[in-house]
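Please work through the exercises below with the sequence and the 3D structure at hand, and try each task before reading its solution.

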Amino acid sequence: MARMKFLCDTERCIECNGCVTACNNENNVPWGINRRHVVTLGDGRRGEKSVSVACMHCTDAPCAAVCPVDCFYTTEDGIVLHDKDLCIGCGYCFYACPFGAPQYPQQEAFGVRGKMDKCTFCAGGPLPDNSKEEFLKYGRNRIAEGKLPLCAEMCATKALLAGDGTVVSEIYRKRVMKRGGRPDALGWQTAYPAEK
Amino acid sequence: MKPFKKSVSRKAPEQAGAPESVDRRTFLRRSGWVVGSGALLGLLPLSTMRRTEAADKDTPPQPGVKTEYRRTICTHCSVGCGVIAEIQNGVWIGQEPDFDSPINLGAHCAKGASVRDHGNGHKRVKYPMKLVNGSWTRLSWDQAVNEIGDRLLRIREESGPDAVFWCGSSKASNEGAYLQRKFAAFWGSNNCDHQARICHSTTVAGVANTWGYGAMTNSYNDMHNCKAMLFIGSNAAEAHPVAMQHVLRGKENGAKMIVVDPRFTRTAAHADIYVRLRPGTDVGFTYGVLWHIFKNGWEDTQYISQRVWGMEEIRKEVAKWPPEVVANVCGTPEEQVALVARTMAENRPGTLVWCMGGTQHHIGNNIVRAFCILQLALGNIGVSGGGANIFRGHDNVQGATDVGPNCDSLPGYYGLVEAAWQYWAEVWGVDYEWLKARFDRTRTYDAGSGQLAFTMNIPGIPVSRWIDGVLEDPKNLSQRSNFRAVFFQGHACNSQTRGVEMKKALEKLEMVVISDPYPTHMAVMSDRKDGIYLLPTATQFETVGSVTASNRSLQWREKVIDPLFESLPDHVVLYKLAKKLGFAEQMFKNIKVNQDEPLIEDVLREINRGCWTIGYTGQSPERLKLHAEHRRTFDTTTLQAKGGPCDGEYYGLPWPCWGNPGLKHPGTPLLYDPSKSVADGGLVFRANFGTERNGQNLLAEGLFSKGSEIKDGYPEFTADLLKKLGWWDDLTPEEKKAAEGRNWKTDLSGGIQRVAIKHGCAPFGNAKARCVVWNFPDAVPLHREPLYTPRYDLVSQYPTYADRQAFWRLPTRYRSIQSTDHSKKYPLVFISGRLVEYEGGGEETRSNAWLAKLQPEMFVEINSVDANNTGAKDGSYVWLEGPEGGRIKVRAMVTERVGPGVVWTPFHFGGWFQGKDLVDRYPPGTAPYVRGEACNTATTYGYDSVTQMQETKGTLCRIYPV
Amino acid sequence: MRKTFFGALCLLILAGCYGPVDIAYHEPARYMGSMDPLLAKERSPEQQELLLQRFNKGQTDR
Amino acid sequence: MKRYWSIGMAIFTAAWLIAGWTGEAVCGSDAPSPGINRRADFWRGVREGEAGTTTSASEGHKVLIQNGGQNWRQIRNGPIAGAAPWLLSAVVFAIGVFFVLVGRDRLEEPRSGVAIPRFSLFERILHWFTASLFILLALTGLSMLFGRAVLIPAFGLGAFAAYMQAGLLVHNFSGPLFFAGVLVEAITWAKENIPKRMDLVWFKNLGGMVGKGPRPHAGRVNGGEKVWFWFMLTAGLVSGVTGLVLDFPIFGQSRLTMQIAHVIHASMGILFLAASFGHIYIGTIGAEGTFEGMWRGKVDKVWAKQHNDLWYEQKAKELHLGTN
């Protein structure tokens, strides 16, 4: 079975925020939430690089490990999802996540945060696929429709890849060979440490 | 108990003023204890999702409801990305990537990925309105058209037809833009213009005068084949993000990427070589590169001898630009210039990309010609992987330039001479005398250079200068009166310079009509209390039409949704107005009108019938629709269809697509590429400047396109030439009748073009490109210091032009401005540019919640050195003041993106004026989410010596803390 | 006696400093809440094939 | 595997320190050096958690990969979650052993029937206000830490999530109230809890509870109670302040601050709870007659004499009870 992964090719990412907007569009993400964002390091200097990050759907997901109510689950192809009906908005996943993926619709006094929201790899949540309820809580379920996350599908330069990890890394490997450098994809070591 | 509430809220804030969004802490402190027990109550339904969270997701997809897919083209830049819209019950519920489009392959930038929000239209102008006593009053369409029409007719009667300025749009479809030009013609004025004036007008003039056509020569996709790519004054990563897909693939194929820019842009971040230069010194830099090329003998001598005229005179000028001079003038280290020259010479073919950084100068035409000359010297024009890839701005700025509202030309670059008017009167099927009578015939005026002419034959006042058309002393105008009314259809006024004077001009006008989907900066920036009309106008997603991408490909747009609220498409607004003004019947003679809606296909057919000059004749609506349907059959590098019903044709029939649609010309993917026959999309340089100059041959020598029966240069085709060649009898009897006495541009049967192509010849002749444009102020491109220059010491050596009395109907100042040294008081060079999230004046993108949340505030980029010198702290407000007194209040962003001595701002903001947020002046509910100072409030005077392009990439300013 | 007691207490506390420090690979599709129908759907080879095709169509340089 | 994490932790600490020193050096100069792609600098920046620029306004989004999260997870799920049950049961066990070996500290004489007022109504309200909040906080806090391991298998995900949602709310709202209670207690009782030399004697004799030696002297508050007071104040302040940091995520505190605050809060909470077991034991079954002092506000003369002789003498004078 395929293992779904995200990969952002820093040699191609131009910080156009197409992925961010595609996500907002497809999942109707509310104003205060950014399921995906693009970070630029070394801004305005030689060696400047931009990277698009969202939930990386880690093999060993820290969010799932620290969730007090165990609301996370992983699909068979490695997509990390969560159940908003169980989520209590405690913020632990936000502390634990290396990528800043978990977001909350509110951030108020007395720790009121609302239900955590994060990238679902466009795979919805534990509700009937492509139902209205699923859309309203989690956004579009493109995986059930046989499509891949819209951020990657719409990436302006095809820097952001999403899909079967072996295929993704093969494409990336070819690009790296062509460019003559060594592969150094962001977040892979953190999200997908060498499997046992 | 009243807990705090943070700025994170479910809905986009109605009044999301910039400061709140950026300085979160300040906002928190201010918002304080607001929520009350709401936070507690909200949590009561414990384990269920709160309904309120879902409330603003206004268009959820409905399971079980039929989803329709409609295909359109993104309306935000010239790349021409395909968009697939998902529609349920007429509501736009989703957007899918258009993988089959050979141009974007499904890719989108932030703007393209956000277009569905236009289908929500929260911030749109919802019904016609007028400003009465400072408040917006609702009107019906009939009332609005009647009131506007009556006032226009009165102005026309009192002051003549030239007293109205008709501003069209590069964001209209080809058909809409064409009707905007035609409308102005039938109203009786050349005072119509659009964004191309302030975008690439210098390119169009300079490049067309060098080798024939003023358009991008190759395509985005062709950049896969480059060996070198030189970007000067182009920030493709933010202005044309999807083009970067092709650029970066070219780079991965081994191309060397060079970025020359005053600012270290996102594009520069991907470059192999980045070179900083002082704004406005592009000519010097280019000559510096040429100096090395000539010195080392790297120029393509065979190419030059066969295809280029006037290079010797260039050599003389280049000799004045040795490395130390370049380093002094441009501020670029000597070894970097040498490296660029070597890289371009060793990696051929190489392409040269430029955008506003090259064009928006008062010597813009010189700069673009210098770029052309560099490419000619290297033999890079007319080859795959080479070319002058001039990335254009708006989605249809190419098409609107080709066939739309230009004050100096009729559709298809036919000019304004009497023959051109007669020709178009014939195409339009109207009596030339009737048309002539529509214009001001009371007297003749100074057409510049001393001759007198009627206004029908004098270029109108361009959009960059409309404020002078209002404010200038009428004695100095080459027309009867000042502007008394303006009609802006799809143009943001905050993209034009001299905001303070613009405000004055707006206040002096009798009537301002804004026909736009969103209330623009124009509606709020002045202190007017009445006389502004807002006409809700549909976006291009709510109508059909064709659009020309930067690579000259035409693409068909399907209608995605019905016009929202009471909006009407451009062509319907124009029809209603034409009807009121009494020339609808004449204007729409060849066009079927269905309940006030002209049939778009008929409009395109009329364009096809008339635009022979640029080969807009083969792209019939049927062929364009076929291309859209079978777009997956086109190769993504060559853009040529392999198999399928479009076999052999190029995607979107890039113009020139010669002859009638029946000729099935495949379009021309690369301009001036002689390796293909003309019938297959090959071409040579155009013979547009005669056959000889000073006894020297201007026609090509020993170079011709594949399969040409004339094995040498030849002039443009006319009936006489056909007869001389003995090809006259290849015409059918009907064609002969139509072609008699005509040439390839005016033969309405298309016979001359057909026969020329049949014999392998280009209808426009086969000539050399010229490096010396003798009809321009500077025949050989020269460097001249900007009017407001930081290097005043160089003014004596590189002075500007003398002032001109009648230039595009207006006095235009050069020396009188440069004669004052402002560099002491205003030491910083001020340039502007694009943000990826916004576009143009930015109203529609700043009204888009998904984009607005990404860039919530206007800012100025300032180097840490200047920040320390001026006391500007990162994230704090500063005043940026231009030497003409306009000033803007913006946040400082201290960054190394700009070098010392240069500051940069984005130009998309509006809704503030000199420190004041004008939010309460917008009609209720229409204020954009994000508002900010328009950078052009602080920009200054300065216009190109050929096209009146404004000088925004190189003025001065000073900065001081608020 | 007192020393023994405190010693035992310290040992007990130290013994408590044990946690699962291995990487906890979460078993896929083990989810104790209400069922996500996607999990069953994803198992079908057709769905997997569909996704792969989509990938090759959309995300490769063509 | 264990080594993996300790190495990771070491690298993190080192990187954190280095980032602080060399943050500027990473940026380097702007001198254009054509053809050089400073890839290494970029990845070093990422590893060091260097902040970049982003259009997202969300907390932490400027950093690409934060290493703190994994460390926080390891500390919380490892030592804290691992040691806490052992510590708590060890304390309970120790009290049990003490109870079996030493037994209740009974009144040495029969009750006299003479009641001496010990705690005012205000003091008692204050004590029970704080104490009940403490119990609520302890229960909900423990549920956050151990509910997943203990309660979910027993009650199921849904029921636990519903309980925990309410529990979190209770914890978040009662925390600041408890903190306030602690502060008022501190003001009320600080003066009489100032340690004195005789408290040392009290400790030497283990409060006279063990063995048959003479009872040590004590004022209104004996040495053991003083220790508890100061511990309570420290633990209350520490868990209170860290709790507020976590409870009000609206002042722009960083993720790292909250991670550190959480570790301190959880550890302190567990220690507080463990210590409170001793207090509860002594206050209820551990020493006969003590509970009524806080419940009814009065103690028997015998109790007072036995436990707080100096205070008793003073009280006796005030109340003219005579020396017997």
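The exercises that follow concern a predicted model, and each task is followed by a solution in steps.

**Exercise 1. The fold of chain A**

Task: Work out how many helices and strands chain A has, and how compact chain A is for its 196 residues.

Solution: Begin with the secondary structure, which in chain A comes to seven helices and six strands. Following the chain from its N terminus, one meets these elements in the order β-α-β-β-α-β-β-α-α-α-β-α-α. Next, take the radius of gyration of chain A, which is 16 Å and close to the 16 Å that the globule rule gives for 196 residues, so chain A is as compact as a globular protein of that length. The C-alpha trace of chain A spans about 50 × 40 × 35 Å along its principal axes. Of the 196 residues of chain A, 87% count as buried, the cut-off for this being under 20% relative accessible area. Finally, look at contacts in chain A with a separation of 6 or more: residues 24 or more positions apart account for 55% of them.

**Exercise 2. Where chain C touches chain A**

Task: Describe the interface of chain C and chain A, and find which helix of chain C gives the most residues to the side that touches chain A.

Solution: The size of an interface is often given as the accessible area lost when the parts come together. For chain C and chain A this buried area is about 3,200 Å², with 55% of it coming from carbon and sulfur atoms. As a second step, count the residues taking part, which are 30 from chain C and 51 from chain A. Across the interface of chain C and chain A there are four salt bridges, and a salt bridge joins the side chains of C:Asp61 and A:Arg175, with 4.0 Å from N to O. The interface also holds 11 residue pairs in polar contact, counting pairs with both residues at pLDDT 80 or more. Turning to the elements of chain C, α2 (37-42) and α3 (45-58) each supply at least two residues of the side that touches chain A. The answer to the task is α3(C), which gives the most to that side, with nine residues. By class, the side of chain C that touches chain A has 15 nonpolar, eight polar and seven charged residues.

**Exercise 3. Backbone exceptions in chain B**

Task: Locate the cis peptide bonds that precede B:Pro349 and B:Pro656, and examine the setting of B:Arg498, which has a positive phi.

Solution: As background, most residues other than glycine have a negative phi, and most peptide bonds are trans. The bond from B:Arg348 to B:Pro349 is cis, with omega near 0°, and B:Pro349 is found in the loop between α14 (334-346) and β12 (350-354) of chain B. The bond from B:Trp655 to B:Pro656 is likewise cis, with omega near 0°, and B:Pro656 lies in the loop between α26 (621-629) and β23 (692-693). The loop between α26 and β23 also contains B:Lys664, which has a positive phi of about 55° although it is not a glycine. For B:Arg498, also not a glycine, phi is positive at about 65°; B:Arg498 is placed in the loop between β16 (485-489) and α21 (499-508) of chain B, and B:Arg498 counts as buried at 3% relative accessibility.

**Exercise 4. The surroundings of B:Asn743**

Task: Decide whether B:Asn743 is buried or exposed, and what its side chain reaches.

Solution: First, place B:Asn743 in the loop between α28 (733-739) and α29 (751-758) of chain B. Its relative accessible area is 17%, so B:Asn743 is buried. The side chain of B:Asn743 reaches the backbone nitrogen of B:Lys745 at 2.8 Å. Leaving aside neighbours within four places in sequence, B:Asn743 is in contact with B:Phe717, B:Thr718 and B:Ile752.

Conventions:
Residues numbered from 1 in each chain as written. Chains lettered and ligands numbered in written order. Predicted model: local features only at pLDDT ≥ 70, side-chain atom pairs only at ≥ 80, totals over all residues. Heavy atoms only, no water. Contact = heavy atoms within 4.5 Å. Buried area = accessible area lost by both parts, 1.4 Å probe. Polar contact = N/O pair within 3.5 Å; in protein donor to acceptor, adjacent residues only side chain to side chain. Helix = DSSP H or I, 4+ residues; strand = E, 2+ residues; numbered from the N terminus. Nonpolar A, V, L, I, M, F, W, Y, C, P; charged D, E, K, R; others polar. Rg over C-alpha atoms; globule rule 2.2 N^0.38 Å. Buried < 20%, exposed > 50% of the residue type's maximum accessible area, 1.4 Å probe, protein only.
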